Every structure is written in C-alpha cells, then in structure tokens.
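I opened a new entry for this chain. I wanted to look up its fold, its burial and its surface.

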Amino acid sequence: MFAKHIDLIESLALNVGFVILFFFIGMAIQDVLKKGNVPPFGRAIVWLVLFLGCAGFIAKGLIQLSWEGSGLA
C-alpha cells in the first residue's frame, strides 16, 4: 500500500516538474520574442501553446490523483 502512494507522489512530482519546465521555457521564449520584431499575435500563440501544455500536465496529474484516490487505477 505504501508503494502505491510513493508511485502517486512520484508521478505528481513529475507533472509539477513538467509544468515548471513549460513555464521557464515560456519565459525564455517570451524574452527572445521581446527582443525581436515579433507581432503580438505570435507571442499570443506561443503563450497559448505553452499554457495548453501546462494545463495538460495539470489535468493529467489531477485525473491520476482522483483515480488513485478512488482505487480505479
């Protein structure tokens, strides 16, 4: 039973790590885009893609947490 919780904690930590990684990648891309002559629409697309990536990992973690908590997994 304890091993089940360790696996859940590891997967949640991995999801949080990916969200943080996406955020830092987005900040780096935004910094590069600010220095160039990129239209705001291009910046919006970059942030939308990064936001959807972060949201996907958060959703995956929440779904996995709810499945593990209810015993479905």
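I count a residue as buried when its relative accessible area is under 20%, as exposed when that area is over 50%, and as partly exposed in between. The model is predicted, and I read every value below as computed from it.

Burial. By that cut-off, 16% of the 73 residues of the chain are buried.

Fold. I looked up the secondary structure and found two helices and zero strands. Helix 1 covers residues 2-35. I then took the contacts in the chain with a separation of 6 or more, and 67% of them come from residues 24 or more positions apart.

S11. I asked whether S11 is buried or exposed. S11 sits in helix 1 and has a relative accessible area of 13%, so I entered S11 as buried. I also looked up the pair S11 and Q64: they are 53 residues apart in sequence, and their C-alpha atoms are 8.5 Å apart in space.

Surface. How much area does the chain expose? I noted about 5500 Å², with carbon and sulfur atoms supplying 79% of it.

Patch. I searched the surface for a nonpolar patch and found one of about 500 Å², made by V16, I20, F23, F24 and M27. I picked out I20 from this patch and placed I20 in helix 1. The relative accessibility of I20 is 45%, so I20 went down as partly exposed. Residues enter a patch only with over 30% relative accessible area.

Conventions:
Residues numbered from 1 in each chain as written. Predicted model: local features only at pLDDT ≥ 70, side-chain atom pairs only at ≥ 80, totals over all residues. Heavy atoms only, no water. Patch = residues over 30% accessible without salt bridge, like charges linked within 9 Å, V, L, I, M, F, W, Y side chains within 5 Å. Areas by Shrake-Rupley, 256 points an atom, 1.4 Å probe, with all protein chains shown as cover. Salt bridge = Lys/Arg side-chain N within 4 Å of Asp/Glu carboxyl O. Helix = DSSP H or I, 4+ residues; strand = E, 2+ residues; numbered from the N terminus. Buried < 20%, exposed > 50% of the residue type's maximum accessible area, 1.4 Å probe, protein only. Contact = heavy atoms within 4.5 Å.
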